[in-house]
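Me: Please show me the structure. I have some questions about how it is put together.

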Amino acid sequence: MNRGANMAKRLLLATLLGLSLSSCTDPRSHTQAVYMLIDTSGTYAQEVDKAQKIINYLLGTLQSGDSLAVARVRTRSFSEKDIIAKVTFDNRPSQANAQKRAFRDKIDAFVKSVSGSAYTDITGGLIQGGMFLKETGAGRKTILIFSDMQEELDKVTVRDFPIDLKDIRVVALNVVKLKTDNVDPRRYIGRLEAWQKRVEQAGASEWILINDIEHLDRMLQG
Amino acid sequence: MSNQFWMIWPDNVMASALILFVIAMPFLYAARKLVHDLFRSLGQVVGGPLRLGARWLFATARDMKERNRTVLLAHGREEVGQHIEREFERIGAMVTRDLEGYPALQRKLLEEITRVEEDYKKCGEVPPPPPDWVEAVSAIAKVKSEGNEMVQRILEEIKRSVESIHGKALAEYRRAYEARHKILNGFMPFWRSLDKTFGQVDKKLTGLQDTSAKIDAQMEKYEQINKKTDRAEHALTVSAFTQFAISLLVLLIAVGGALVNFKLIALPFSEMVGAGDYLTATLRMSDVAALVIIFLEATMGLFVMETLRITHLFPLIANMNERMRRRMLWVALVFLFVFAGIEAALALMRDMLAADKQALIQSLASGPQQAAPPDPLLRAIPTTAQMVLGFFLPFALAFVAVPLESFIYSLRTVGGAFLVMVIRIAGFILRVLGNLVRQLCRVLVTLYDVIIVLPLLIERVVKATRSGADDEARESRPVKRAA
């Protein structure tokens with residue numbers, strides 16, 4: 001009987017050991033957060049359907065615990081009001097799926113009601129995105145800019161100061177060529193180089209340009 | 001320019017080196033003994049420990065082999081002992097079962113034999129012989145009637161009487177034979193019964209004989225092991241290697257089953273413990289929890305096998321009293337059933353989650369229009385199959401304990417043999433290295449002499465001249481004395 005009791009004690013100890021092992025988790029964050037800026041200025045607003053496909057793709061790819069926010073780029077974009085939808089997916093996959101459905105509905109509604117803006121404040125959107133991503137505390141942070149990267153500010157808006165994008169990966173998506181770019185391609189190249197320089201100076205971990213949306217898959221998994 | 005500082009003859013490497021060599025040669029010659037000693041010492045310093053290490057490794061390998069042999073023989077002895085014990089138990093059960101009914105069988109046999117004997121005796125009773133009056137009848141038959149009516153009537157009367165008696169005697173005779181035939185006919189079931197009973201006895205005796213032969217073979221093996229013969233050791237080693245290979249194969253199959261099990265429950269576990277927690281960079285907590293459940297199932301299966309005394313990995317369980325053992329068996333079985341039920345439910349949940357995810361991805365890809373729902377039968381079959389798998393896999397995993405025990409026991413022999421081989425190889429390499437170093441030092445000694453060959457030649461010439469002068473002096477001395 002004594003031996004049996006000892007055995008039971010040992011089993012209990014082993015179970016407790018297993019439970020204590022389960023409580024020591026890896027403190028590092030393994031989640032990722034994506035902040036997507038959609039340019040709705042001028043003629044670029046017509047490209048919003050493509051942006052919707054990218055968002056749907058992101059919803060299918062992101063996992064439980066990941067965060068996603070979609071914001072529009074308008075005349076002045078440094079505002080929470082410009083965030084169309086944001087979500088941190090629940091740890092339970094079933095709840096995460098429900099959240100994804102709700103997010104998709106919000107984006108569908110936005111796409112139907114989108115209207116063009118007079119100016120394009122990409123910098124304001126980047127600052128807002130950087131702040132949002134830092135708050136999430138995610139392990140991998142990405143800002144996707146769906147824009148032609150042509151920033152146009154009104155006279156009173158001030159954006160010519162250093163910004164902070166430390167440890168954030170910045171991806172420019174679907175950077176279409178403008179009519180003036182076709183006249184002089186150096187304008188297009190110069191515009192992209194200027195943005196790369198600005199982003200890198202802001203402390204971004206990476207600057208990526210993706211014009212073919214299929215390449216986004218590789219980038220998000222990498 | 002800096003690397004040409006040694007050049008006595010600038011820009012002429014060969015000449016500079018030659019001059020330096022010539023200058024160095026007397027010093028090299030002077031240091032010859034010291035350098036030789038140095039090389040020899042180096043050989044000793046490096047080669048000695050290497051050889052010592054090799055010797056130690058070989059001795060360790062010998063010790064390990066001896067220890068492995070002892071363990072192998074002890075394990076073999078235990079195994080064969082258990083086998084013999086089981087055979088004896090079988091014989092005991094057989095003898096108890098068969099000899100228990102033996103008095104009844106013997107009584108039955110004796111009764112049947114007695115009856116057969118009695119019947120045989122009855123068969124031996126011949127019908128009564130013809131009566132004595134046959135002779136009288138013969139005498140009367142010789143009487144001549146010669147038309148005498150009275151005589152004729154008497155004779156006819158006698159004839160009628162005789163015929164009547166004859167008929168009666170014949171009928172009696174036939175009845176007697178009929179009765180004997182009946183008795184003989186009655187023999188048949190007894191003969192058959194006797195034959196059957198003897199057949200049974202023969203079968204049982206043959207079974208007993210077979211078991212005895214098996215025991216003899218096992219005893220022979222046991223004696224061989226006790227005598228520690230090479231044959232027994234070889235047989236046990238081969239058996240261990242075979243067991244190792246078979247159990248490894250079965251364990252690999254079981255690992256495959258465990259992986260299927262893991263796939264079934266990992267996703268639903270993320271619903272319970274969350275999909276965002278990580279134990280390491282790549283290992284999710286939900287995966288760990290699923291693995292823990294599978295290991296727990298395997299452990300419960302192990303306990304079931306132990307308490308059923310199929311495996312003997314835990315002496316503590318084997319030595320438990322009957323009551324405690326039964327209790328433990330029931331506890332383990334209940335746990336196993338609970339886990340199986342949980343797994344079946346998780347498998348169902350997995351199917352639902354996968355379907356939900358699939359529907360979401362489909363709706364994201366195709367937009368708001370809904371795809372046609374699949375055939376309900378197509379959905380029901382995989383769901384049911386997953387649930388059934390989820391329920392039965394824990395029980396299937398329980399049987400892993402049997403190959404696991406074989407694997408652990410055979411691993412001792414196989415691992416021991418492998419370790420001995422590795423140590424021997426290491427010892428061989430050290431010995432080769434030790435010899436190589438010693439030989440290298442000898443080569444260096446010779447090479448040194450080759451380098452200073454010129455002074456050595458001079459030394460030889462000088463020595464030869466001196467010895468020649470000494471010889472001359474020795475030869476001239478007696479002459480002087482004589483003079």
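Me: Leaving aside neighbours within four places in sequence, which residues is Ile143(A) in contact with?

Reply: This is a predicted model: local features need pLDDT of at least 70, side-chain atom pairs count only at pLDDT 80 or more, and totals for chains, interfaces and linings use all residues. Residues are numbered from 1 along each chain as its sequence is written, while chains are lettered from A and ligands numbered from 1 in the order written. Contact means that two C-beta atoms, placed from the backbone, lie within 7 Å. By that test, the partners of Ile143(A) are Tyr35(A), Leu37(A), Leu126(A), Gly129(A), Leu133(A), Ile168(A) and Val170(A).

Me: Which element supplies the largest share of the largest nonpolar core?

Reply: A nonpolar core joins buried Ala, Val, Leu, Ile, Met, Phe, Trp, Tyr and Cys residues through C-beta atoms within 7 Å. Buried means 20 or more other C-beta atoms within 10 Å of a residue's own, placed from the backbone. This core has 38 residues, and Ile143(A) is one of those touching the most other members. The largest share, 6 residues, comes from β1(A).

Me: Which are the edge strands of the open sheet in chain A?

Reply: Strands are DSSP runs (E, at least two residues), numbered from the N terminus. Two of them pair if DSSP finds at least two bridges between them. The order is β3-β2-β1-β4-β5-β6, with mixed pairing. Pairing on one side only marks the edge strands, β3 (83–88) and β6 (206–210).

Me: Which element gives the largest share of the side of chain B that touches chain A?

Reply: Here 23 residues of chain B are in contact with 24 of chain A. Helices are DSSP runs too (H or I, at least four residues). The largest share, 7 residues, comes from α9(B).

Key. Buried ≥ 20, exposed ≤ 12 C-beta atoms within 10 Å, placed from the backbone.
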